[in-house]
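User: Please take a close look at one part of this structure, the aromatic pairs and the strands that carry them, and give me one connected account.

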Amino acid sequence: MSRRWPRGLWAVLLLTAWQAPEARDRPSPPVGRGRKVMDVDAKDYVGPTLPRARVLLEDTSGGVLRVDVEVAATPEARTRGLMWRPELPAGQGMLFIFPADEVQSFWMRNTLIPLDMLFINSAGKLVGIIENAQPRTLTSRSVGVPGRYVLEVPGGWSRAHGVARGSTVRFQGLEAIQVVP
């Protein structure tokens, strides 16, 4: 009776056989010392540098507020979000961009700081706000209204700056950023 080995196994065996003996005997580097962590939820994951942009929000008195943001436009970046960050300076945030308007839902499992989540539709209207979302929870948070963008800013920022549902939102610097489904 003959057995066939899986196709990919031959490549692994050949590469191992041809590898120099000194390389075969060397132990793998520990995680964090030359070995890349691939789990986006892991504390020591180092992802690519995110693109930057600016969000302009109208406050309740007609003024315009500026938030400089990192842009999460890929599945990995959207999953990682602001996990493991000990602080988020005033005037900064993260903008999550999705391919289309849908009801978005977020949780804060490995997020260390309270955040305000501002849900924005593709027409540039703020459709809902979740204030001071409690960190380190699996509680799902949504405003139940379709949106394409979610802006995360430090907890309490929205109330302190007079930002409310229905506000107009504009973006600067998103033109060259590709959104990956």
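Analyst: Phe119 counts as buried because its relative accessibility is 1%, under the 20% cut-off. In this predicted model, the ring of Phe119 is paired with that of Phe106, and since the ring centres lie 6.1 Å apart with the planes at 85°, the pair is edge-to-face. Phe106 belongs to the loop between E3 and E4, whereas Phe119 sits in strand E4, so that the pair links distant parts of the chain, 13 residues apart. Phe106 is itself buried, with a relative accessible area of 8%. These two residues also belong to a cluster, in which ring pairs link Phe96, Phe98, Phe106 and Phe119. A search of the whole structure finds four aromatic pairs.

The loop that holds Phe106 also holds Asn110, which is found between strand E3 (92–103) and strand E4 (115–120). With a relative accessibility of 8%, Asn110 counts as buried. When its neighbours within four places in sequence are left aside, Asn110 is in contact with Asp41, Met83 and Trp84.

A further ring pair is formed by Tyr149 and Phe171, whose ring centres are 4.4 Å apart and whose planes stand at 35°, so this pair is tilted. Here too distant parts of the chain are linked, with Tyr149 in strand E6 (residues 146–154) and Phe171 in strand E7, 22 residues apart. Tyr149 counts as buried, at 9% relative accessibility. Tyr149 is also part of the strand pairing, because in E6 it is the bridge partner of Ile97. The strands concerned, E3 and E6, run antiparallel and are joined by six bridges.

These strands are best placed by way of the sheet. The sheet is open and has seven strands in the order E5-E4-E6-E3-E2-E1-E7, with mixed pairing. Its edge strands are E5 (126–133) and E7 (169–172), each of which pairs on one side only. From one strand to the next the twist averages 30°. Both kinds of direction can be followed in the pairings: strand E2 (residues 64–72) and E3 run parallel and are joined by five bridges, and within that pairing Val69 has Gly93 in E3 as its bridge partner. By contrast, strand E1 (residues 52–58) and E7 run antiparallel, joined by four bridges.

The edge strand E7 therefore deserves a residue-by-residue look, because it holds Phe171 as well as Gln172. Gln172 is the bridge partner, in E7, of Arg54. Once neighbours within four places in sequence are left aside, Gln172 is in contact with Ala53, Arg54 and Leu56, so that Arg54 appears both as a bridge partner and as a contact. Gln172 is partly exposed, with a relative accessible area of 39%, which falls between the cut-offs of 20% for buried and 50% for exposed. The C-alpha atoms of Gln172 and Asp68 are separated by 9.6 Å, although the two residues are 104 residues apart along the chain.

For the setting of this part, the protein chain has four helices and seven strands, and read along the sequence these follow the pattern α-α-β-β-α-β-β-β-β-α-β. Of the 181 residues of the chain, 37% count as buried. Among the contacts with a separation of 6 or more, 68% are between residues 24 or more positions apart. The chain exposes about 11,100 Å², of which carbon and sulfur atoms supply 53%.

A word on confidence is needed as well. The chain averages a pLDDT of 84, and 78% of the residues score at least 70. Over residues 1–32, however, pLDDT stays under 50, and for this stretch the model has eleven contacts beyond four places in sequence.

Definitions and conventions: Residues are numbered from 1 along each chain as its sequence is written. This is a predicted model: local features need pLDDT of at least 70, side-chain atom pairs count only at pLDDT 80 or more; totals for chains, interfaces and linings use all residues. Side-chain values use heavy atoms; hydrogens and water are left out. Two strands pair if DSSP finds at least two bridges between them. Helices (H or I, at least four residues) and strands (E, at least two) are DSSP runs, numbered from the N terminus. Axes are lines fitted to C-alpha atoms, for helices over the stretch in contact, and angles run from 0 to 180 degrees between N-to-C directions. Buried means under 20% relative accessible area, exposed over 50%, partly exposed in between (1.4 Å probe, protein chains only). Contact means heavy atoms within 4.5 Å. Rings of Phe, Tyr and Trp (its six-membered ring) pair if their centres lie within 6.5 Å; planes under 30 degrees apart count as stacked, over 60 as edge-to-face and the rest as tilted. Accessible areas come from the Shrake-Rupley method with a 1.4 Å probe; for residues, only the protein chains shown count as cover. pLDDT is the predictor's confidence in each residue, from 0 to 100.
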